[in-house]
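The following exercises are to be worked through with the sequence and the coordinates at hand. Each task is followed by a solution in steps.

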Amino acid sequence: MAGKSRDSQEDKRRRILKEAAREFVSKGYKGANINHIAEKSGIGKGTIYLYFPSKAELFAEALRVSNKLWMQKARELVEASDDPLQALRELLTLDVKLGVEHKELAQLWISSFFGDNRQFVGTAADVLEEYADLVQDLVRQCVERGLFR
């Protein structure tokens, strides 16, 4: 029974994050409404605060979760390749694929850098640093192997 309850909590958390990302993208951070996010998530407003202490933390966590998804897939791809140039190509393809499959998360990132949610650009940049390091390492490997000049 405890396992089912835990799964249910994780499912709720995922639903909240997905709906929050949509709300933040469509209405911006200031216009986003916790009541609307709760309603779309199928939970009560107070329940959101059991998972996230504030609207700002909900936004930041949506960025962190999307980065975790991207990084997991990116690391798997890079670790499976001996060719850094091919890994860079595949990473670009992965970015497009994940952006299409998880449109609300990709839009959340874009809005954090260029749109209505720019007050979170610092958080987005901090979270994105790990991904940038991965790309930078691949480029360094390409230079070392003479693939780039």
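The exercises below proceed from the overall fold to salt bridges, helix packing and single residues.

**Conventions**

This is a predicted model, in which local features need pLDDT of at least 70 and side-chain atom pairs count only at pLDDT 80 or more, while totals for chains, interfaces and linings use all residues. Residues are numbered from 1 along each chain as its sequence is written, and side-chain values use heavy atoms, with hydrogens and water left out.

**Exercise 1. Overall description**

Task: State the secondary structure content, the dimensions, the burial and the confidence of the model.

Solution.
1. Helices (H or I, at least four residues) and strands (E, at least two) are taken as DSSP runs, numbered from the N terminus. The protein has seven helices and zero strands, and the order from the N terminus on is α-α-α-α-α-α-α.
2. Along the principal axes, the C-alpha atoms fill a box of roughly 55 × 40 × 25 Å.
3. Buried denotes under 20% relative accessible area, exposed over 50%, and partly exposed the range in between (1.4 Å probe, protein chains only). By this criterion, 37% of the 149 residues are buried.
4. A contact requires heavy atoms within 4.5 Å. Of the contacts with a separation of 6 or more, 68% join residues 24 or more positions apart.
5. The predictor's confidence in each residue is given by pLDDT, from 0 to 100. Its mean for the protein is 88, and 95% of the residues reach 70 or more. Among the elements, α1 has the lowest mean (82), whereas helix α2 (residues 34–41) has the highest (94).

**Exercise 2. Salt bridges**

Task: Determine how many salt bridges a search of the whole structure finds, and describe those of Lys27, Glu57 and Lys97.

Solution.
1. The criterion is a side-chain nitrogen of Lys or Arg within 4 Å of a carboxyl oxygen of Asp or Glu. The search finds eleven salt bridges.
2. Lys27 pairs with Glu23 at 3.6 Å, N to O. The two residues lie four apart in helix α1 (residues 2–31), so about one helical turn separates them. Lys27 is partly exposed at 41% relative accessible area, whereas Glu23 is buried at 3%.
3. Lys97 is bridged to Glu101, with the closest N and O atoms 4.0 Å apart. Because they are four residues apart in helix α5 (residues 84–101), about one helical turn separates this pair as well. Lys97 is partly exposed at 49%, and Glu101 is partly exposed at 47%.
4. In the bridge between Glu57 and Arg64, the closest N and O atoms are 2.2 Å apart. Glu57 is partly exposed, with a value of 29%, and Arg64 is partly exposed, with 31%.
5. Glu57 and Arg64 also belong to a network of salt bridges that links them with Arg13 and Glu61.

**Exercise 3. Packing of α4 and α7**

Task: Classify the mutual orientation of α4 and α7, and characterise the residues in contact.

Solution.
1. Two packed helices are described by the angle between their axes and the distance between the axes.
2. Axes are lines fitted to C-alpha atoms, for helices over the stretch in contact, and angles run from 0 to 180 degrees between N-to-C directions. The axes of helix α4 (residues 55–79) and helix α7 (residues 121–144) come within 9 Å and cross at roughly 10 degrees.
3. Angles under 35 degrees count as roughly parallel, over 145 as roughly antiparallel, 65 to 115 as roughly perpendicular and the rest as oblique. Therefore α4 and α7 are roughly parallel to each other.
4. The residues in contact include Asn67, Trp70 and Met71 of α4, and Val127, Tyr131 and Leu134 of α7. By class, the contact has twelve nonpolar, two polar and three charged residues. Here Ala, Val, Leu, Ile, Met, Phe, Trp, Tyr, Cys and Pro count as nonpolar, Asp, Glu, Lys and Arg as charged, and the others, Gly among them, as polar.

**Exercise 4. Environments of single residues**

Task: Establish whether Tyr131 and Glu19 are buried or exposed, and list what each touches, not counting residues up to four places away in sequence.

Solution.
1. Tyr131 is found in helix α7 and is buried, at 13% relative accessibility.
2. Tyr131 touches Asn67, Trp70, Met71, Ala74, Leu91 and Asp95. The C-alpha atoms of Tyr131 and Trp70 are 8.2 Å apart, although 61 residues separate the two along the chain.
3. Glu19 is found in helix α1 and is buried, at 16%. Glu19 touches Ile37, Lys40 and Ser41.
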